[in-house]
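I opened the notebook to follow one sheet and the helices that lie against it, beginning with the terms I would need.

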Amino acid sequence: MQGCENPQIEPLPRRALQVGYRAGAADALLGEPGTLALFGFGAGTAASTDPRCLQVALETLDAPAPLELWQVDAPVSCGRDGALRWSAGGGWLFAAIELDEREHGGPAATARLAYEQLHRFVGTREAQHVLRVWNYLGAINHGEGDAERYKHFCDGRAAGMGDFFAEGFPAATAIGHHGDEHRLQVYLLASDQPGLRVENPRQVSAWRYPRQYGRTPPSFARAMLLPAQDVLAISGTAAVVGHASAHQDDLDAQLEETLLNLDALLASAGMAAGFDPRSPLKVYVRHAANAARVRDFLQHRLPGVPLLLLHGDICRRELLVEIDGWRYA
Ligand code: 3EB
């Protein structure tokens, strides 16, 4: 047939996984069809041996704490590979690793190992496009200047990434937890189709931060549009303007600036403004005493939006709050 000598069958873009906060028992949620991952928050969460379960080291500032559920429209398989656990279905891949820094020689070596193991594993899978990564480490602001633990983490992360992310960095979050100081948790979402990286025109791209923020600039994109462009995965977003932290010690002003950054990201992604009941957000709050004020502020400004407040340290010590999450189109 003329014009059809070399038919190119374009695969349909992968419809996004569904992410939401759910009350209820872990076992029931794990039993629902298509459950790819289930997250509990804080030490009070029941540990599970299911590879799809992760007990995030951050304590929640909400009671009762919901679980975060990821679901896909396909059967899910799962397993373990050394320190790594994974699940996969419908073109999506969840992988998580937890390491003890004492066994690997500190935060840089441990971050490096975590990223080496993760990309080595992802490299064996069909879902090779890492779209979104979360990093939780202890005592993130310990140490002065270049000796700060976050800076060591950035060194190790970049080394462990190697050239696996040569096409561009994933969207990411890096937050300090208050659990066992030596515990590093890294988990990711990957797909068999690429996403679209989104930067924020109000902010210098993180990988171009000037030297004052560390030897190795943080390797993340501000957000990632998932393959069907039906959801934006938003990186940790704080009151950073240009490359500088704004509104030192002013919680309300930092929240306002963060909302401006989130609006700018949505616009930059070509999405309509605003968040809605299908857009779950995580709010990392440095001082637990600020939780009620942060909750009131955001409930007023983002009515109906599912918020999960977590007690965590932002990687710049002058920042009091950071927000990440999902915005469905
Ligand atoms: C910022 O805008 C705040 O190191 O992966 C936000 C999101 C931040 C991700 C990371 C750091 C990271 O620079 C800090």
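I count two strands as paired if DSSP finds at least two bridges between them. Helices (H or I, at least four residues) and strands (E, at least two) are DSSP runs, numbered from the N terminus. The model is predicted, with local features needing pLDDT of at least 70 and side-chain atom pairs pLDDT 80 or more, while totals for chains, interfaces and linings use all residues. Residues are numbered from 1 along each chain as its sequence is written, and side-chain values use heavy atoms, without hydrogens and water.

I looked up the sheet and found it open, with seven strands in the order β4-β18-β17-β20-β14-β13-β12 and mixed pairing. β4 (59-60) and β12 stand at its edges with a single partner strand each, so one side of each has no neighbour in the sheet. Between β4 and β18 (residues 307-311), which run antiparallel, I noted two bridges, and Glu59 has His311 in β18 as its bridge partner.

Next I asked which strands α4 touches when it packs on the sheet. They are β12, β13, β14 and β20, in contact meaning heavy atoms within 4.5 Å. The direction of α4 makes about 150° with that of β14, where axes are lines fitted to C-alpha atoms, for helices over the stretch in contact, and angles run from 0 to 180 degrees between N-to-C directions. α5 also packs on the sheet, touching β17 (281-285), β18 and β20, and its direction makes about 160° with that of β18.

Lastly I checked what follows α4, and found Gly270, whose phi is positive, near 75°.
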